[in-house]
Amino acid sequence: MSRELIKTVNGFISPLELGFCQCHEHVFIKGDIDDYALSLKELELYKGSGGCSLVDAGPQNLSANLEVLKRLSMESGVRIIASTGFHKLSYYRNTHDVFTKSKEDLAEMFVKETEAGAGVIKVCVCGELEGTYRKLHESAIHAAKVTGSPVMFHVDEDTCLPSVINFYMERGISPDRLIICHADRFVKSMEEHLTAAGLGAYLEYDTIARPKYHDDAKEVEIILYMLDKGFGHKILLGLDTTKDRLFSYGGNVGLDYILKTFIPLLLDMGVDNGKIYEMTVLNCRKALEFRMGESV
Ligand SMILES: [Zn+2]
C-alpha cells in the first residue's frame, strides 16, 4: 500500500499542507547565498505574498546547509524541500566523492541524505549519459527506488528529453516521478516538451524574469502553448533564484516575483485562476510526493 507524503526539511507533511509552491529555488548555499538574515528576509517576502513552500534545488553540501534550511523554514514559516544528488561535474574537484565513490556508495549517500532531510534527488544531465554521469544517474535511480523520492533534473541545451526519460523508465522509474527543470530556456523544440509531458514527466518552467534568456512575454507564450495542448497538469513554476537576483541580496527579482508580477501577467494573457492553481499548487503536490511502499 502506498501513502503519499511530501518530505520537507522539518519532516513529512501531507500534500494538502503544501500550498503555493515554487519548485526550483536557491535560498541558502554555503559560500554563496549564505547570509542568514538576508535569506530569512527573502523567505518572509515570499510568505508575505502568499508563498507557502519551495524547493531548494542545490544538491551540493546538503549536510552543510541542512541545519540552516531547517531554521530558516521554522522562522519564516515557509516549508522547504531540500535536495540531495549531484550537479554539473565541472563544479567538483577531481577528488570529490562524485568521482571517487562507487555507484553503490553514492546511492547509499543519496539515501542517507534523504533520510536526513532531503525531499528530492536532484540530478544533472549534461550531454551523454555516459561515464561518471551514467554512474551517478544509476545511483540516483537506486536511491529513488529505495526512498520513494521524486527526481529533479537540471537539463542543458543539448539534452534530449525523451532519451533521458527513457533511461529512467528502462531502469524502473516512472516518468511521473521526474521533474525536468529549465527546459523552457531551450525552446528549439517544443515537440520535445510535448513528448516529455505526454510520457508523464513534469516540466518545471523557471525562465521567468531572466532576460538573458528571453523576456516574460516569451515565457507566457510557452506556457500558453502547453496549456493549449492540454498539458496544464504537467507544468510547475519557479525562478531558479541566484544571489545577484535575490531582492534581499541587492538584486531586482524577489522570491515574490511570480506571485506579484508573473501571475498577474498570466491572468492578463487569459490564463484562468484554475490553471494557475493547478500549476502552482495541485501539480506540486503530485510531483513532490514520496511513494513509499510502492515498487517503482
Ligand atoms: Zn538552480
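This tour moves through a predicted model, from the metal site to the salt bridges, the nonpolar cores and the empty spaces.

**Stop 1: the zinc site**

Begin by selecting the zinc ion together with H24, H26 and D240. These residues are the protein donors, through NE2 of H24, NE2 of H26 and OD of D240, and the donor atoms lie 2.1 to 2.2 Å from the ion. Along the chain the donors follow the spacing H-x1-H-x213-D. Colouring by secondary structure shows how H24 and D240 link distant parts of the chain: H24 belongs to strand β3 (residues 21-25), whereas D240 sits in the loop between β10 (235-237) and α9 (257-268), 216 residues apart.

Are H24 and D240 buried or exposed? H24 has a relative accessibility of 1% and therefore counts as buried. D240 is also buried, with a relative accessible area of 8%.

**Stop 2: from D240 to R185**

Keep D240 selected and add R185. The two residues form a salt bridge whose closest N and O atoms are 2.7 Å apart. R185 lies in the loop between β8 (178-181) and α7 (190-199), and D240 in the loop between β10 and α9, so this pair ties together parts that are 55 residues apart in sequence. Both D240 and R185 are buried.

**Stop 3: further salt bridges**

The whole structure contains 18 salt bridges. Next, select K275 and E278, whose closest N and O atoms are 3.0 Å apart in a salt bridge. The two residues are 3 places apart in helix α10 (residues 273-287), which means that about one helical turn separates them. E278 is buried, at a relative accessible area of 16%, while K275, at 29% relative accessibility, counts as partly exposed.

Move on to E289 and R291, another salt-bridged pair, with closest N and O atoms 3.0 Å apart. E289 counts as buried at 10% relative accessibility, and R291 counts as buried at 14%. Then select K103, E130, R134, E138, E170 and R171, which are joined into one network by salt bridges that share partners.

**Stop 4: the nonpolar cores**

In soluble globular proteins, nonpolar side chains tend to be buried together. Which residues have the most contacts inside the largest nonpolar core? They are F153 and Y168, in a core of 82 residues. Centre the view on F153 and display its contacts: leaving aside residues up to four places away in sequence, F153 touches V123, V125, H137, V164, Y168, L178, I179, I180 and C181. Another core, of 17 residues, lies apart from the largest one; I6, I81, M152 and Y202 are among its members.

**Stop 5: the largest pocket**

Now switch to a surface representation and select I29, P59, Q60, H87 and Y91. The largest pocket holds about 820 Å³ of space. Of the 40 residues that line this pocket, the five just selected are the closest to its centre. The elements giving two or more residues to the lining are α2 (62-76), α3 (97-100), α4 (103-116) and β7 (151-155).

**Stop 6: the cavities**

How many cavities of 30 Å³ or more does the model contain? The count comes to 2. The largest cavity has a volume of about 70 Å³. To display its lining, select V155, D156, E157, T159, L161, A183, F186, K188, S189, E192 and H193.

Notes: Residues are numbered from 1 along each chain as its sequence is written. This is a predicted model: local features need pLDDT of at least 70, side-chain atom pairs count only at pLDDT 80 or more; totals for chains, interfaces and linings use all residues. Side-chain values use heavy atoms; hydrogens and water are left out. A nonpolar core is a set of buried Ala, Val, Leu, Ile, Met, Phe, Trp, Tyr and Cys residues joined through side-chain atoms within 4.5 Å. Buried means under 20% relative accessible area, exposed over 50%, partly exposed in between (1.4 Å probe, protein chains only). Contact means heavy atoms within 4.5 Å. Donors are N, O and S atoms within 2.8 Å of the metal (3.2 Å for Na, K and Ca); water is not among the atoms, so sites may look incomplete. Helices (H or I, at least four residues) and strands (E, at least two) are DSSP runs, numbered from the N terminus. A salt bridge is a side-chain nitrogen of Lys or Arg within 4 Å of a carboxyl oxygen of Asp or Glu. On a 1 Å grid over the protein atoms alone, a cavity is a set of points where a 1.4 Å probe fits but cannot get out, and a pocket is an open set with protein on both sides within 12 Å along at least five of seven lines; lining residues have an atom within 4 Å of a point. Grid points are joined across faces, edges and corners, and a volume is the space filled by probe spheres set on the points.
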